[in-house]
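Biologist: I'd like to learn how to read a model like this one. Could you walk me through it, feature by feature?

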Amino acid sequence: KEVYGTNHIYSCDTFNENRPRPPAGDTGLQYLTDSSKAVYNSMIAADPEAIWLMQGWLFMNDARFWQAPQLDAYLAGVP
């Protein structure tokens, strides 16, 4: 920060070209919400003005997995 400053934009592609694997007995929806929430909370802990910039590729790369319930659950973890 001291040398380069910040624009508060961070990238994190959590499931880029790999399918989420929830714990046994979990439907996966809560796991997706918890995963995105953990990433976002880590970002704002380091920078309260953090903006999470995410590529949409992961949703298209495995469109059979990323249906409306999975998308909704994943995005629900971020305000």
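**Reading the model**

Modeller: Let's start with two rings: Phe59 and Tyr74 are both buried. Keep in mind that this is a predicted model.

Biologist: How do I read a ring pair, and how do Phe59 and Tyr74 sit relative to each other?

Modeller: Look at the centre distance and the angle between the planes; over 60 degrees counts as edge-to-face. Phe59 and Tyr74 come out edge-to-face, at 6.2 Å centre to centre with 70 degrees between the planes. Phe59 belongs to helix H2 (residues 57–61) and Tyr74 to helix H3 (residues 68–75), so their pairing ties together parts 15 residues apart in sequence.

Biologist: How many aromatic pairs does the structure hold?

Modeller: There are 8 aromatic pairs. One of them joins Phe59 and Trp66, edge-to-face again, with 5.1 Å centre to centre and 85 degrees between the planes. Phe59 has 16% relative accessibility and Trp66 has 5%. Both count as buried because the cut-off is under 20%.

Biologist: Which residues form the aromatic cluster?

Modeller: One cluster takes in Phe15, Tyr31, Trp52, Phe59, Phe65, Trp66 and Tyr74.

Biologist: And what does Tyr74 touch, leaving aside its neighbours within four places in sequence?

Modeller: Its contacts are Thr14, Phe15, Leu32, Thr33, Ser36, Trp52, Met54, Phe59 and Trp66.

Biologist: Now the nonpolar core. Which residues have the most contacts inside the largest one?

Modeller: A core is a set of buried nonpolar residues joined through their side chains. The largest here has 13 residues, and Phe15, Leu32, Trp52, Trp66 and Tyr74 have the most contacts inside it. Helices H1 (29–46), H2 and H3 each supply at least two residues of this core. H1 gives the largest share, 4 residues.

Biologist: Let me zoom out. In what order do the elements of the chain run?

Modeller: From the N terminus on, the order is β-α-β-α-α, which adds up to 3 helices and 2 strands. The C-alpha trace spans about 45 × 25 × 20 Å along its principal axes. Of the 79 residues, 29% are buried. Among contacts with a separation of 6 or more, 71% are between residues 24 or more positions apart.

Biologist: Then charges. Where is the salt bridge, and what parts does the Arg19 and Asp62 pair tie together?

Modeller: The general idea first: side chains of opposite charge can pair when their charged atoms come close. A search of the whole structure finds 1 salt bridge. The side chains of Arg19 and Asp62 form it, at 2.9 Å from N to O. Arg19 lies in the loop between strand E1 (9–11) and H1, and Asp62 in the loop between H2 and H3, so this pair ties together parts 43 residues apart in sequence.

Biologist: Is Asp62 buried or exposed?

Modeller: Asp62 is buried, with a relative accessible area of 19%, while Arg19 is partly exposed at 37%.

Biologist: Last one: the surface. Which residues make the nonpolar patch?

Modeller: Ile9, Ile51 and Leu53 make a nonpolar surface patch of about 280 Å². Ile51 sits in strand E2 (residues 51–53). Ile51 is partly exposed, with a relative accessible area of 46%. For the chain as a whole, about 5500 Å² is exposed, and carbon and sulfur atoms supply 55% of that area.

Terms used. Residues numbered from 1 in each chain as written. Predicted model: local features only at pLDDT ≥ 70, side-chain atom pairs only at ≥ 80, totals over all residues. Heavy atoms only, no water. Patch = residues over 30% accessible without salt bridge, like charges linked within 9 Å, V, L, I, M, F, W, Y side chains within 5 Å. Areas by Shrake-Rupley, 256 points an atom, 1.4 Å probe, with all protein chains shown as cover. Salt bridge = Lys/Arg side-chain N within 4 Å of Asp/Glu carboxyl O. Buried < 20%, exposed > 50% of the residue type's maximum accessible area, 1.4 Å probe, protein only. Phe/Tyr/Trp six-rings, centres within 6.5 Å; stacked < 30°, edge-to-face > 60°. Contact = heavy atoms within 4.5 Å. Core = buried A, V, L, I, M, F, W, Y, C linked by side-chain atoms within 4.5 Å.
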